[in-house]
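Here are my notes on the structure, set out as numbered points. Please read them with the model open beside you.

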Amino acid sequence: MHIPDGYLSPASCAVMYAAATPFWYRASRKVKRVLTARMVPLIALFAAFSFVIMMFNIPLPGGTTGHAVGSTLVAIILGPWAAVIAISVALAIQALFFGDGGVLAFGANCFNMAVVMPFVGYYIYHWISGRSELTSLRRPIGAAVAGYVALTIAALFTAVELGLQPYLFRAADGTPLYAPYGLSVAIPAMMGPHLLVASVVEALVTGSIISYLQRVNQPLLMLTTELPAEARERAVASPRARILWVGLAILILLAPLGLLAPGTAWGEWGGEELRELGLGFIPEGLERLGGIWPAPIPDYEVPGLNANLGYILSAVVGIVLVSLVTWLVSRIVVRQSTKI
Amino acid sequence: MRARRGFIERSIADITATLEKAIFSEELARKEGLLQNLDPRMKVITFLALLLAVSLSQGLLIIVALYFLTLLLAWRSRIPLGFFIKRVWLFMPFFTGMVALPALFNIFTPGEPIVTLWQTERFHLAITIQGLRTATFLVLRVGVSVSLALLSVLTTPWATLLKALHILRLPQVFILILGMAYRYAFLLLHTANSMFLARQSRTVGQMPGGENRRWIAASASTLLAKSYHLSQEVYLAMLSRGFRGEAQMLDTFRLKPSDWLWGATLLALALLAVLM
């Protein structure tokens with residue numbers, strides 16, 4: 001799960017740093033607004049705790065052992081934003097002092113384990129446990145499911161980051177320069193062991209610790225509710241926004257419908273297609289400029305992957321990029337307008 | 001029945017190895033050597049540049065050359081070379097080596113075959129030039145990057161390294177948290193180790209798996225509760241010493257002419273490696 005340096009190209013590392021930075025920025029702003037002084041030792045100790053918990057060997061049914069990451073647990077107890085900082089710090093100690101995970105790849109590792117994992121875990125936990133009693137069985141079950149799904153999704157992100165490398169970075173003779181396997185190999189190779197072992201460990205650890213705390217130390221489960229309302233992030237901004245996200249998810253799943261339609265979108269022809277359409281001549285400028293911008297995912301097809309999956313993946317990548325840019329722009333605009 | 005190292009022994013071994021590593025690297029960092037004397041800020045910048053060069057370079061020989069540069073620096077910094085080489089390469093075959101191995105073959109990396117291993121009409125298994133190159137790239141890049149990161153940590157006491165991170169424009173609060181987390185990680189590691197030892201010394205024979213899982217959940221939760229409790233006490237201690245949520249760092253670094261010289265040399269070498 002910890003990507004060492006050498007697997008990702010420097011360009012990908014830069015992209016992942018850029019992806020993680022808004023979360024770090026927002027997390028530090030949020031933490032600063034809420035009880036700065038008290039949060040400093042709290043986050044430091046939880047970072048130390050998650051560093052130590054990663055070293056626990058968990059006995060699995062069948063006699064093997066595995067390690068847990070613990071991001072979901074920290075997110076449930078401290079809330080997702082504080083978890084972003086705590087887990088990033090734990091990963092920084094691992095990368096800097098113990099060579100576990102690369103320095104250039106630190107952004108990618110943080111994005112997978114300190115951003116994706118706590119947020120996915122936190123929201124799933126709250127979605128399942130809802131407003132149930134502190135002692136309700138829904139909480140440990142929610143925690144276990146959250147741990148399982150969060151680690152699996154984090155592993156998926158890791159697999160996609162690694163799997164994109166050979167499409168983007170090759171030497172002139174076709175030699176892949178970084179991680180050599182495409183998505184069709186990287187995704188099953190990462191997902192198999194995670195679905196079967198690693199995510200099971202995460203589920204076991206997260207669920208059983210929450211269950212133990214229910215019996216022994218309930219105040220720890222109420223930590224996020226003690227903090228001022230600002231620190232608590234509501235599930236998704238509002239019910240209306242939630243409908244929008246669900247709609248977006250359905251649209252993503254429907255994206256392969258585009259494969260059924262013949263031809264190209266009206267007006268988006270390239271030079272080749274214009275010729276096929278029976279146009280007598282190709283405008284010289286179009287011919288000249290046609291190849292100036294090679295798309296990162298041409299025709300929305302990811303080589304080596306089933307066309308439908310490739311379509312869905314293209315949709316997800318696109319939507320993540322667009323949402324990120326929109327969010328950043330809106331943040332900047334909102335901040336400037338509040339200054340005035 | 002075969003004797004198997006249980007999860008308790010493994011956890012103790014992992015934790016002890018971590019503690020040992022940390023103590024050993026602090027010892028090396030206090031020796032007198034080339035990199036120990038280099039200004040830590042200059043070291044952070046030059047080592048980042050070298051790491052980038054290893055990642056950006058498209059020539060295998062250039063990466064090998066950068067590794068020899070790393071070895072030279074380690075030698076001049078009085079790091080035991082046998083230890084330095086073993087620490088990086090001993091386990092390489094089991095991790096990145098395993099990952100890189102399948103890439104050798106034409107199934108995963110199509111290209112010009114150099115060694116044909118199996119040839120029938122329908123099936124063809126061969127090692128390709130491209131496969132060999134991509135596997136070597138991966139193993140070398142990972143090995144040299146880990147060596148560089150290791151060398152910078154082995155020659156810098158962590159408190160100094162943390163201060164030097166400030167020049168990367170990391171927020172002070174983040175560095176403060178990083179420093180505290182590192183310090184308390186050792187306390188918690190010791191606590192966890194004692195918990196495992198105490199359990200081990202009271203265990204006779206084999207415990208059922210479910211019992212073990214219940215125990216580990218209980219001890220992890222106890223550790224969690226301890227961390228929380230400790231954070232409250234640390235907060236009160238900080239508060240009583242006048243902490244107001246702002247981090248101030250004493251910065252006493254002075255750049256010597258030799259720092260500029262070494263920094264410029266290493267940066268030039270990194271740049272050369274990328275351009276070649």
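1. How many helices and strands are there in chain A? Chain A has 13 helices and two strands. The model is a predicted one, so every value below is computed from predicted atoms.

2. Some totals for chain A come next. The chain has 340 residues, and 44% of them are buried. Among its contacts with a separation of 6 or more, 71% join residues that lie 24 or more positions apart.

3. Chain A touches chain B. To this contact chain A brings 59 residues and chain B brings 65 residues. On the side of chain A, the elements with two or more residues in the contact are helix H1 (10–33), helix H2 (36–53), strand S1 (58–59), helix H4 (80–98) and H7. H2(A) supplies the largest share of that side, with 16 residues. Sorted by class, the side of chain A that touches chain B holds 44 nonpolar, twelve polar and three charged residues.

4. Which residues have the most contacts inside the largest nonpolar core? They are Ile43(A), Ala47(A), Ala48(A), Ala86(A) and Ala181(B), in a core of 164 residues. H4(A) gives the most to this core, namely 15 residues.

5. Ala181(B), one of the residues just listed, deserves its own point. Apart from neighbours within four places in sequence, Ala181(B) is in contact with Ala44(A), Ala47(A), Ala48(A), Phe51(A), Val89(A), Ala90(A) and Ile93(A). Ala47(A) and Ala48(A) appear here as contacts of Ala181(B), and they also appear among the residues with the most contacts inside the core.

6. Why is helix H3 of chain A, residues 71–78, described as largely enclosed by the rest of the structure? Eight of its eight residues are buried, so the description follows from that count. The buried residues of H3(A) are Ser71(A), Thr72(A), Leu73(A), Val74(A), Ala75(A), Ile76(A), Ile77(A) and Leu78(A). Just after H3(A) comes Gly79(A), which has a positive phi of about 90 degrees.

7. H3(A) also packs against H7(A). The axes of H3(A) and H7(A) come within 9 Å and cross at roughly 30 degrees, and that makes the two helices roughly parallel. From H3(A), the contact uses Thr72(A), Leu73(A) and Ile76(A); from H7(A), it uses Glu202(A), Val205(A), Thr206(A), Ile209(A) and Ile210(A). By class these are five nonpolar, two polar and one charged.

8. H7(A) has another partner in H6(A), which covers residues 138–168. The axes of H6(A) and H7(A) come within 7 Å, with a crossing angle of roughly 155 degrees. H6(A) and H7(A) are therefore roughly antiparallel to each other, and their crossing is right-handed. The residues in this contact divide into 23 nonpolar, ten polar and two charged.

9. Leu183(A) belongs to H7(A), a helix that spans residues 183–216. Is Leu183(A) buried or exposed? Leu183(A) counts as buried because it has 22 C-beta neighbours inside 10 Å. Gln165(A) is 18 residues away from Leu183(A) along the chain, and the C-alpha atoms of the two are separated by 8.9 Å.

10. A helix pair in chain B can be read in a similar way. Helix H9 (residues 172–201) and helix H10 (residues 209–240) of chain B pack at an angle of about 150 degrees, and their axes are 11 Å apart. H9(B) and H10(B) are therefore roughly antiparallel, and they make a right-handed crossing. H9(B) contributes Leu188(B), Thr191(B), Ala192(B), Met195(B) and Arg199(B), while H10(B) contributes Trp215(B), Ser219(B), Leu223(B), Lys226(B) and Ser227(B). By class, this contact has five nonpolar, three polar and two charged residues.

11. The last point is about backbone angles. Most residues other than glycine have a negative phi. Arg78(B) is not a glycine, yet it has a positive phi of about 60 degrees. Where does Arg78(B) lie? Arg78(B) is in the loop between helix H4 (60–76) and helix H5 (81–89) of chain B. Arg78(B) counts as partly exposed because 15 C-beta neighbours lie inside 10 Å.

Technical notes. Residues are numbered from 1 along each chain as its sequence is written. Chains are lettered from A and ligands numbered from 1 in the order in which they are written. This is a predicted model: local features need pLDDT of at least 70, side-chain atom pairs count only at pLDDT 80 or more; totals for chains, interfaces and linings use all residues. Helices (H or I, at least four residues) and strands (E, at least two) are DSSP runs, numbered from the N terminus. A residue is buried if 20 or more other C-beta atoms lie within 10 Å of its own, exposed if 12 or fewer, and partly exposed in between; C-beta atoms are placed from the backbone. Two residues are in contact if their C-beta atoms, placed from the backbone, lie within 7 Å. Ala, Val, Leu, Ile, Met, Phe, Trp, Tyr, Cys and Pro count as nonpolar, Asp, Glu, Lys and Arg as charged, and the others, Gly among them, as polar. A nonpolar core is a set of buried Ala, Val, Leu, Ile, Met, Phe, Trp, Tyr and Cys residues joined through C-beta atoms within 7 Å. Axes are lines fitted to C-alpha atoms, for helices over the stretch in contact, and angles run from 0 to 180 degrees between N-to-C directions. Angles under 35 degrees count as roughly parallel, over 145 as roughly antiparallel, 65 to 115 as roughly perpendicular and the rest as oblique. A crossing is left-handed if the near helix is turned anticlockwise from the far one by less than a right angle, and right-handed if clockwise.
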